[in-house]
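Trainee: Could you walk me through this one before I head back to the bench? I would like to start with the overall picture and then go into some details.

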Amino acid sequence: MSVQTPPTLMKLARQALLRNEALAISALQKLPWTLFPALFKDAFHGRHTRIVKAMVAAWPFPCLPVGTLMKTPNLETFQAVLDGVDMQLTREFHPGSEKLQVLDLRNVQHAFWNVWTGREDGDCSAETVDERPVVKDLPRYALRWRHLKVVTDLYLRLRLNEEQACFLKWVQQRKDFLQIHCMNMKIWTVSVCTVKEILNVFHPGHIEELELNTGWDVSTLARFAPCLGQMRSLCKLSLARVCRNAFGIGIRTADREEKCISKVIAQFSKLHCLQHLSMNGIFFIKDHMEQILRCLRNPLETLSITRHHLSQSDLNYFPLSHNLRQLKHLDLRGILLFASCLKPLGVLLENVAESLESLDLQGCRIKDSQLTDLIPALSQCSKLTKVNLLDNDFSMPTLKDLLGHTANLTKMSVEQYPAPLQCYDGYGYILVERFAQLCLELMDTLRPLRQPKRILFSTDPCHECGERCVYDLGLRLCPC
């Protein structure tokens, strides 16, 4: 029979306070400040809204990272947090009495709770709680709290959830009294007018990460472009699903479309902190990569261009760009390269041999002769930890040659290779026994050079079930 550890005296005391809300609220003025975090967590998770509101109003630390506690959002508890901030805002000002400086609503790991919820001692007193009703119309003396910072991430889809709608209404009414910082903004399938309204509250200059996956055409993106240009702190930009313009009959012209593209690209010159750039399904990148890369103010650490097309002139410029000389991550998944000359890509890999950590060329349909142009450069990329070459067309001799040149890639943790072409019959169906045999031969080629940590060989998706046959620690067949 298992024996449960009895609760500590402090835990029993917290449970007693939570059972008597009036007592808990009145006790806050004498509660040691080191006990606030543990009691707040219990009150928050137990949805004791009156205690949560009172504790926010009396919070004795500079930061309240409540976002990490909101794994399962609850509108009433969230509203109690905002009401507690309002109690701070409407309290009569006494110099030096304010404690809370940052309300962090981001759902991220925060060391604060790990440090303080384990403390069971303390001798400092918290600030007296003001139980006056929350005032929604803030008086002029609330301007003293302009330094109170509210930090959040915002994920916008077609419709706002209850917590988002509540929060946006709250910040719109108090934007003159607070510093409101949105660090990470994700926008999916939202109109450009709605996004502009939101950016009137969350100043673009504070945004550090932006993901735009809206299905806009380039004309709509051009209307948003001035907002993008204001994001001077942006470190990471992800653009997805931008399609051609659908102008009215008779006025769709290449000149108008090109002006929209130029207006968007011009904003990159204003993004002084940009280091990570991802473009997924963006039609206008073809023949515009030189223009984009020349606009950048800093070298990129990450370049991801997926699921569209690159021209030969785009590829030719890659090794010439100084903004690609410090790449750590290169992702060209789904860019069809079977008809391209990859020698410029090989030169780029040589340029970044001392920095490149991951390379993803899945689904590029690269052929033997093209891979041969890349092998010498790949063999020099000693910091590589991840390589993905699935869904390309390599023969057994070429794969053996590739693996034979990886002796220096000792930091590799994940490597994925396509099944050799010799594993398929004339109709493209996998020959299972042949697949297993050739994979064993490839492993025998590699093991004398280095011991792979995680390596797999995978076929193309099966014609019947859509699943793959995979060889890693052993053979895993598709269901059919």
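Mentor: What follows goes from the whole chain to single helices and residues, and please keep in mind that this is a predicted model.

Trainee: How many helices and strands does the chain have?

Mentor: The chain has 16 helices and 15 strands, and buried residues make up 50% of its 480 residues. Among the contacts with a separation of 6 or more, 81% are between residues 24 or more positions apart.

Trainee: Which residues have the most contacts inside the largest nonpolar core?

Mentor: Those are Phe40, Phe202, Leu210 and Phe224, in a core of 146 residues. Helix 9 gives the largest share of this core, with seven residues.

Trainee: What is Leu210 in contact with, leaving aside its neighbours within four places in sequence?

Mentor: On that basis Leu210 is in contact with Met185, Ile187, Phe224, Leu228, Met231, Leu234, Lys236, Leu237 and Ser238. Phe224 therefore appears both in this contact list and among the core residues with the most contacts.

Trainee: Let's move to helix 10. Which of its residues are buried?

Mentor: In helix 10, Glu257, Cys260, Ile261, Val264 and Ile265 are buried. Viewed down the axis of helix 10, the buried residues fall within an arc of 130 degrees, so they line one face of the helix.

Trainee: And what does that face pack against, and which residues are on the other side?

Mentor: The buried residues of helix 10 pack against helix 9 (218-229) and helix 11 (289-295), while Asp255 and Lys259, on the other side of helix 10, are exposed. As for its length, helix 10 covers residues 254-266 and reaches 18 Å from its first C-alpha to its last, close to the 18 Å expected for its 13 residues.

Trainee: What about the span of helix 7?

Mentor: Helix 7 (residues 162-174) also has its span in agreement with expectation, because its 13 residues at 1.5 Å a residue should cover 18 Å and its end C-alpha atoms are 19 Å apart. Its buried residues are Glu163, Gln164, Cys166, Phe167, Leu168, Trp170, Val171 and Arg174, and the buried residues of helix 7 pack against helix 5 (75-90), strand 3 (149-156) and strand 4 (179-188).

Trainee: What happens at the start of helix 7?

Mentor: There, a side-chain oxygen of Asn161 reaches to within 3.1 Å of the backbone nitrogen of Glu163.

Trainee: You mentioned strand 4 and helix 5, so could we take a residue from each?

Mentor: Trp188 is found in strand 4, and at 27% relative accessibility it counts as partly exposed. Leaving aside neighbours within four places in sequence, Trp188 is in contact with Leu156, Arg157, Leu158, Glu211 and Asn213, and its side chain makes a polar contact of 3.0 Å with the side chain of Glu211. From helix 5 I would take Thr77, which is buried at 2% relative accessibility and touches Phe44, Arg47, Thr49 and Val52, not counting residues up to four places away in sequence.

Trainee: Changing topic, how many disulfides does a search of the whole structure find?

Mentor: That search finds zero disulfides.

Trainee: Why is there no bond between Cys439 and Cys423?

Mentor: The sulfur of Cys439 is 5.8 Å from the sulfur of Cys423, the closest cysteine sulfur to it, and that is too far for a bond, because a disulfide needs the two sulfur atoms within 2.5 Å. Cys439 itself is buried, with a relative accessible area of 0%, whereas Cys465 counts as partly exposed at 32%.

Trainee: Where is Ser321, and what does its side chain reach?

Mentor: Ser321 is found in the loop between helix 12 (312-317) and strand 9 (329-331), and it counts as buried at 1% relative accessibility. Its side chain reaches the backbone nitrogen of Asn323 at 3.2 Å.

Trainee: Last one, about backbone angles: what is phi of Arg241 near, and what is it about in Arg365?

Mentor: Phi of Arg241 is near 55 degrees, a positive value in a residue other than glycine, and Arg365 has a positive phi of about 55 degrees although it is not a glycine. Arg241 is in strand 6 (residues 236-242) and is partly exposed, with a relative accessible area of 39%. Arg365 lies in the loop between strand 10 (358-360) and helix 14 (368-378), and at 21% relative accessibility Arg365 counts as partly exposed.

Notes:
Residues are numbered from 1 along each chain as its sequence is written. This is a predicted model: local features need pLDDT of at least 70, side-chain atom pairs count only at pLDDT 80 or more; totals for chains, interfaces and linings use all residues. Side-chain values use heavy atoms; hydrogens and water are left out. Buried means under 20% relative accessible area, exposed over 50%, partly exposed in between (1.4 Å probe, protein chains only). Helices (H or I, at least four residues) and strands (E, at least two) are DSSP runs, numbered from the N terminus. The expected span of a helix is 1.5 Å times one less than its number of residues. The arc is that of the directions from the helix axis to the C-beta atoms. Contact means heavy atoms within 4.5 Å. A polar contact is a pair of N or O atoms within 3.5 Å; within protein, one must be able to donate a hydrogen and the other to accept it, and residues adjacent in sequence count only if both atoms are side-chain atoms. A nonpolar core is a set of buried Ala, Val, Leu, Ile, Met, Phe, Trp, Tyr and Cys residues joined through side-chain atoms within 4.5 Å.
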